Amino acid sequence: MRIDVVSLFPDFIERCAGFGVTGRARERGLVSLHAWNPRDYAEGNYRKVDDRTFGGGPGMVMLVEPLRRCLAAMRRADPQPAHVVHLSPQGRRLDQRKVRELAARPRLALLCGRYEGVDERLVQAEVDEELSIGDYVLSGGELAAAVVVDAVARLQDGALNDAASAAQDSFEDGLLDCPHYSHPVEHPYGTVPEVLRSGNHAAIARWRRQQALGRTWERRPDLLAGRDLSRQDAALLEAYLRGRDG
Ligand SMILES: Nc1nonc1C(=O)NC1CCNCC1
């Protein structure tokens, strides 16, 4: 998978994507990352990439022409068409379903805005979709792009040492993850649940599913809204809630 990132701070993503699973995915050739700086395509001595917004008001807007030239150079660099994503609070909220969809694409181009944002004409002419990582305002789209790079890189075949791990991640089946424990069994903070030490894999799977259902019900009921639980899941959740409420 190729990922191009258009950003006024190209080394930002380069650094963020150099650690852990994402760094390993790049070392293994599963993901290639290419940064493009619109300032390299701006004119004049000051290589101007932003200007005041028409209609008045605070803040600056990223100019359409340096971005157009930058995206044209990015497209010329590889014959594989790029799916262009603009990271913006005006975008659809990123979720694991969307991450899986993006991870299946051969090439992504992530457009990172700064200032008040990008000239709308560039968005309309060049952007395939806008995505938001949450309802808050960042200083730039780079952190959002780094989130996308991390989330899609770890889904590339071979990125995780244990391929099954991605399948058990939070949200992989629309639920929150179950709790996890390791050594020591006994600790002043508590004891590892006995079922996890039982060696009974069916019981362990049942317990983990029940914990995922219960935690989702308690913390993110929106993920269960409108979802038809199987008879088994409904029974597990009911038992979880009974046990919680005594
Ligand atoms: N939330 C966000 N999810 O994606 N991008 C987000 C964001 O806040 N972008 C900034 C918005 C203000 N202009 C600079 C970029």
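## An aromatic pair involving helix α8

Trp-207 has a relative accessible area of 15% and is therefore buried. In this predicted model, Trp-207 belongs to the one aromatic pair that is counted. Its partner is Tyr-181, with ring centres 6.5 Å apart and planes at 55°, so the arrangement is tilted.

Tyr-181 sits in the loop between α7 (163–168) and β8 (186–187), whereas Trp-207 is part of helix α8; the pair therefore ties together parts that are 26 residues apart in sequence. In contrast to the buried Trp-207, Tyr-181 counts as partly exposed because its relative accessibility is 44%.

## A buried arginine in helix α8

Helix α8 spans residues 201–219 and also contains Arg-215. Which side chain of opposite charge is nearest to Arg-215? That side chain is Glu-218, 6.8 Å away. Because a salt bridge requires a separation within 4 Å, Arg-215 has none, although the residue is buried.

Leaving aside residues up to four places away in sequence, Arg-215 touches Leu-176, Asp-177, Cys-178 and Pro-179, together with Arg-220 and Tyr-240.

## A nonpolar surface patch

Three residues, Tyr-136, Leu-138 and Leu-143, form a nonpolar patch on the surface. Together they have about 270 Å² of accessible area.

Within this patch, Leu-138 is located in the loop that lies between β7 (129–132) and α6 (142–153). Leu-138 has a relative accessibility of 34% and so counts as partly exposed.

Conventions
Residues numbered from 1 in each chain as written. Predicted model: local features only at pLDDT ≥ 70, side-chain atom pairs only at ≥ 80, totals over all residues. Heavy atoms only, no water. Helix = DSSP H or I, 4+ residues; strand = E, 2+ residues; numbered from the N terminus. Buried < 20%, exposed > 50% of the residue type's maximum accessible area, 1.4 Å probe, protein only. Lys, Arg positive; Asp, Glu negative; His and termini not counted. Contact = heavy atoms within 4.5 Å. Patch = residues over 30% accessible without salt bridge, like charges linked within 9 Å, V, L, I, M, F, W, Y side chains within 5 Å. Areas by Shrake-Rupley, 256 points an atom, 1.4 Å probe, with all protein chains shown as cover. Phe/Tyr/Trp six-rings, centres within 6.5 Å; stacked < 30°, edge-to-face > 60°.
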